[in-house]
Amino acid sequence: GLSAQRGKGFLLFSAFPVVNAVKNFYLLPEGAGKGAFRMDKKYLLNVCIYFFSGIFALFLIFFVLFHLGSAGETNYPTAVASRIEMESGFEATGYIFRDERVLEAPEGCAYTTLKTGENINKGMVVSSVYPKNEETEQRLAEIETELRLLEAGEKSGQLSDITARLKSYSAGLRETIADGQPGLFLQQEASALSALLQRKLASGAVKNYAGRIAALNIEKEELLAKAGSPIEQIKAPVSGNYYPVCDEYEALFHTSLTDSLTVSSFSRLIADPGQPDPSPNAGKIAESSLWQLALLTDCENATELQKGKIYSVRFSDGQNFRMTLSSVSVDYSLGKTLLVFSSRETPEKVLNRCTEVTVVAETYKGLFVPAAAVRRVKTEEGQVTGVYTQRGNKIFFKKITILSYKDGYFLAKEYTSETPDYKSYLALNDQIITGGKGVTEGYAP
């Protein structure tokens, strides 16, 4: 490049006087005899000085270029101190409490055109009851489930996520069967069947979605036409959100009960919720937007939680809600804490009565630090926790304040210029040395 051309120029420029000097060294004066010669010592000395000055300049140029080129090289394996978030929390099994009114209906096949969770007014027709036909009823339910998935665009769900939910539903079904809770079993079975169908859609088994939706609607109309005239039309006795499916535990898990719940009473309720109400129905109406989630956890998980504070709660079906911790009951003899969370946010999907959740107690923001990089170093301040960082060919020790730990890395506090001596702490985008022996401050070997 440019440096090579300059070097070549220096060589030619430096060599030119030497050639002249050699010519002058052997130049015979006019009239001199054979073997006579003239030597200009001063001229030769100047030429030598000029020549070696050029060589030194070339060396200096290559020295600078070499170090500029190697300034970004790393002598040790490193990781970037990037800005990340880390959550602390716990997983638990929760139960949904809600103010729900079951709509009584005569024996038969109840069918509705309303969407799940749709807001309705008092006096509105919510369902039509046809003569009972189990085969027709089951097929209509399957059609409605598939239509809901197709129209909601759930075909784009990740296969891995759907498979994980299926495994969770399978485990829940086994536990429910063992506990003898038929109502919860039916609800979990419906969720599992829905997930199976969603997996079929996500795997590409259905190619023409518009055609499939049209075919399902035609089949639905044909089934209703064969069912004959409706026995009765069910009207809403109150306003609220309509849900076509009941799990038969609406009265047992009502929001009016949560204020008096304790660790012991809640444990008894979920162990033996009693006999569900198997009466024929046409769905249910959630009269209030308020719904609650009650769960048991170990006392140590709830020590940092505060009543009245809002927390993020993630459900196993992918829904995430900001919920207020409305009640805390502790039983130290059992080592358990009962937590009741409340929300008025309308869920987009139907919430299972019994569901797996993750409660996020705190979200931290800071710098990513691999656990392997952390050192305890003796300084003037005493034993200090920190990491070695590399910038160019120099190594620095930077202090860190650890906020949390997860899966082989720490979250370190990020300091700003407002903090005294902030330059001694790890900063964003620092190159953290993650390996190597004998690492110390100074120039990298």
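In this predicted model, the side chain of Thr112 makes a polar contact with the backbone of Leu114: a polar atom of that side chain lies 3.0 Å from the backbone nitrogen of Leu114. The Thr112 side chain also reaches the backbone oxygen of Val126, at 2.5 Å. Thr112 sits in the loop between β3 and β4 (118-120). Its relative accessible area is 11%. The cut-off for burial is 20%, so Thr112 counts as buried. Beyond its neighbours within four places in sequence, Thr112 is in contact with Val126, Ser127, Tyr242 and Pro244.

Val126 and Ser127 fall within strand β5, which spans residues 125-130. This strand belongs to an open sheet of three strands, ordered β3-β5-β6. The pairing in the sheet is antiparallel. The edges are formed by β3 (109-111) and β6 (232-235), each of which pairs on one side only. From one strand to the next, the twist averages 30 degrees. Strands of a sheet pair through backbone hydrogen bonds, in either a parallel or an antiparallel manner.

The two interfaces of the sheet can be described residue by residue. Between β3 and β5, three bridges are found. Here Cys109 stands opposite Tyr130, and Tyr111 stands opposite Ser128. Between β5 and β6, four bridges are found, and these strands also run antiparallel. On this side, Val129 of β5 has Glu232 of β6 as its bridge partner. Five of the six residues of β5 are buried, so the strand is largely enclosed by the rest of the structure.

Nonpolar packing was examined next. The largest nonpolar core holds 20 residues. Within this core, Leu293, Leu295, Leu305, Phe315, Met323, Leu339 and Phe341 touch the most other members. Several strands contribute at least two residues each: β2 (83-104), β8 (281-298), β9 (310-315), β10 (320-331), β11 (336-343) and β12 (354-370).

Leu293 illustrates the contacts made by one of these core residues. Leaving aside neighbours within four places in sequence, Leu293 is in contact with Gly94, Tyr95 and Ile96, which fall within the span of β2. Further contacts of Leu293 include Val313, Phe315 and Met323. Leu339, Val340, Phe341 and Val357 are also in contact with Leu293. A second core, separate from the largest, comprises 13 residues. Among them are Tyr249, Leu261, Phe266 and Ile270.

Technical notes:
Residues are numbered from 1 along each chain as its sequence is written. This is a predicted model: local features need pLDDT of at least 70, side-chain atom pairs count only at pLDDT 80 or more; totals for chains, interfaces and linings use all residues. Side-chain values use heavy atoms; hydrogens and water are left out. Two strands pair if DSSP finds at least two bridges between them. Axes are lines fitted to C-alpha atoms, for helices over the stretch in contact, and angles run from 0 to 180 degrees between N-to-C directions. A nonpolar core is a set of buried Ala, Val, Leu, Ile, Met, Phe, Trp, Tyr and Cys residues joined through side-chain atoms within 4.5 Å. Buried means under 20% relative accessible area, exposed over 50%, partly exposed in between (1.4 Å probe, protein chains only). Contact means heavy atoms within 4.5 Å. A polar contact is a pair of N or O atoms within 3.5 Å; within protein, one must be able to donate a hydrogen and the other to accept it, and residues adjacent in sequence count only if both atoms are side-chain atoms.
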